[in-house]
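I set out to record what I looked up in this structure, entry by entry. The topics are strand pairing, one strand residue and the cysteines.

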Amino acid sequence: MSTIDKYAGKPLRWQDGAIVHAVQTTQAVGGEPMLWTFCRQDVPDGEAVDEDVTVTCPACLHELSVEP
């Protein structure tokens, strides 16, 4: 399975109430998408947005900076 971090060219983000996380996703067997943050938290169904908002999670920012 390959992962993606954009939908229709826009980055995926999730706000957990305090900070904004960068999100990755993959299509699971059976067609249901699986979403998680770069800092390895599960994203609740329907809460990720495809908006170019600023990521404020230090762990996600670190992972984004080391991505190839």
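Entry 1, pairing. I took two strands as paired if DSSP finds at least two bridges between them. The model is a predicted one. With that criterion I looked at strand 4 and strand 5, and I found that five bridges join them and that they run antiparallel. I then turned to strand 3 and strand 4, the latter covering residues 20-27, and noted three bridges, again in the antiparallel sense.

Entry 2, the sheet. I asked in what order the three strands of the open sheet stand. The order is 3-4-5, and the pairing is antiparallel. I placed strand 3 (13-15) and strand 5 (33-37) at the edges; each has a single partner strand, so one side of each is left without a neighbour in the sheet. I also looked up the twist: on average, neighbouring strands of this sheet are turned by 40° against each other, direction ignored.

Entry 3, residues across the pairs. Between strand 3 and strand 4, I noted Q15 opposite V20. For the pair of strand 4 and strand 5, I noted that T25 stands opposite L35 in strand 5.

Entry 4, the hairpin. I looked up how many residues lie between the strands in the hairpin of strand 4 and strand 5. There are five, and in this hairpin G30 takes a positive phi near 95°.

Entry 5, T25. I returned to T25, whose place is in strand 4. Is T25 buried or exposed? I recorded a relative accessibility of 8% for T25; residues under 20% are taken as buried, so T25 counts as buried. I then searched for a polar partner of its side chain, and found the backbone oxygen of M34 at 2.9 Å from a polar atom of the T25 side chain.

Entry 6, cysteines. I asked how many disulfides a search of the whole structure finds. The search finds zero. C57 is in no disulfide, and the nearest cysteine sulfur to that of C57 belongs to C60, 3.7 Å away. Why is there no bond for C60? Its sulfur is 3.7 Å from the closest cysteine sulfur, in C57, which is too far for a bond, because a disulfide requires the two sulfur atoms to be within 2.5 Å.

Entry 7, burial of the cysteines. I looked up the accessibility of both residues. C57 is buried, with a relative accessible area of 4%. C60 also counts as buried, at 0% relative accessibility.

How values were computed. Residues are numbered from 1 along each chain as its sequence is written. This is a predicted model: local features need pLDDT of at least 70, side-chain atom pairs count only at pLDDT 80 or more; totals for chains, interfaces and linings use all residues. Side-chain values use heavy atoms; hydrogens and water are left out. Axes are lines fitted to C-alpha atoms, for helices over the stretch in contact, and angles run from 0 to 180 degrees between N-to-C directions. Buried means under 20% relative accessible area, exposed over 50%, partly exposed in between (1.4 Å probe, protein chains only). A polar contact is a pair of N or O atoms within 3.5 Å; within protein, one must be able to donate a hydrogen and the other to accept it, and residues adjacent in sequence count only if both atoms are side-chain atoms.
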